[in-house]
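Pull the model up in your viewer and keep the sequence alongside it. We'll start from one residue pair and work outwards from there.

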Amino acid sequence: MMSRIERNAYMRERYAKRPEVRAYQTAQTLARYRCGGCVSVAGKTRALKEEVLTHYGHDGALECCWSSCTVRDIDMLTLDHVKDDGAEHRKSVRGSMYAWLKSQGFPEGFQTLCANHQLKKEILRRSSLLIK
Ligand SMILES: [Zn+2]
């Protein structure tokens, strides 16, 4: 396995010998951007996030589950493991957690929280550990 530096040197040398290959690769990359392929992948990812966070949101809406919180901005919403076992669970899920949840038929044990309430929940969890 080549290191990144070795691979860059190898590719530089390779492209120097065959400039037409370099031109072809550049054209292919630009064509992918121009056709919106990258945008469409980002759009699908966002749609999946919206679907999952809506499922786990307050009353099945895209909204934070914390009592009386009304955050609905998808950029500020996160997925919460209700039993605080997220670190362990993430190790067992390969790839996207949102895709995994959908593929499993939206199992129990998750909720949508805004980033502030995700932090607040963690602060409360840690302070309860201190009190014990
Ligand atoms: Zn909230």
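**From one strand pair outwards**

Start with L77, which sits across from C114 in β2. This is a predicted model, so everything here is about computed coordinates. The pair belongs to a short antiparallel arrangement in which strand β1 (residues 77-81) is joined to β2 by five bridges. Those are the two strands of the protein, and six helices go with them. Reading from the N terminus, the order is α-α-α-β-α-α-β-α.

Now look at what surrounds β2. This strand is mostly covered, with four of its five residues buried. It also has the highest mean pLDDT among the elements, 98. L77 and C114 both turn up in the largest nonpolar core, a set of ten residues that also includes V52, L53, Y56, L62, C64, L101, F110 and L113. Two elements give two or more residues to this core: α3 (37-55) and β2 (110-114). Which element provides the largest share of the core? That would be β2, with three residues.

Y56 is a good place to click next. Leaving aside residues up to four places away in sequence, Y56 touches L79, F110, Q111 and T112. That kind of long reach along the chain shows up in the totals too: of the contacts between residues at least 6 apart in sequence, 63% join residues at least 24 apart.

Zoom out, and the picture changes. Buried residues make up just 11% of the 132 in the protein. The radius of gyration is 22 Å, whereas a compact globule of 132 residues would come in near 14 Å. Along its principal axes, the C-alpha trace spans about 65 × 35 × 25 Å.

The N-terminal helices are worth a look with that in mind. Helix α1 (residues 4-17) has 14 residues and reaches 20 Å from first C-alpha to last, close to the 20 Å expected at 1.5 Å a residue. Helix α2 (residues 19-34) has 16 residues and reaches 22 Å, again close to its expected 22 Å. Are these helices buried or in the open? The number of buried residues in α1 is zero, so α1 lies largely in the open. The count for α2 is zero as well, so α2 also lies largely in the open. Of the elements, α2 has the lowest mean pLDDT, 82. The protein as a whole averages 90, and 96% of the residues score at least 70.

At the other end of the chain, E122 is found in helix α6 (residues 115-131). E122 counts as exposed because 12 other C-beta atoms lie within 10 Å, and 12 or fewer is the cut-off for that label. To relate E122 to our starting point, check its distance to L77: they are 45 residues apart in sequence and 15 Å apart in space, C-alpha to C-alpha.

Finally, two backbone oddities for your Ramachandran plot. Most residues other than glycine have a negative phi. D84, in the loop between β1 and α4 (86-92), has a positive phi of about 60° without being a glycine. F106, in the loop between α5 (97-103) and β2, does likewise, with a positive phi of about 55°. Are these residues buried or exposed? D84 is exposed, with 11 C-beta neighbours inside 10 Å, and F106 is exposed with 12 other C-beta atoms within 10 Å.

Terms used:
Residues numbered from 1 in each chain as written. Predicted model: local features only at pLDDT ≥ 70, side-chain atom pairs only at ≥ 80, totals over all residues. Rg over C-alpha atoms; globule rule 2.2 N^0.38 Å. Buried ≥ 20, exposed ≤ 12 C-beta atoms within 10 Å, placed from the backbone. Contact = placed C-beta atoms within 7 Å. Expected span 1.5 Å × (residues − 1). Core = buried A, V, L, I, M, F, W, Y, C linked by C-beta atoms within 7 Å. Pairing = 2+ DSSP bridges. pLDDT = per-residue confidence, 0-100.
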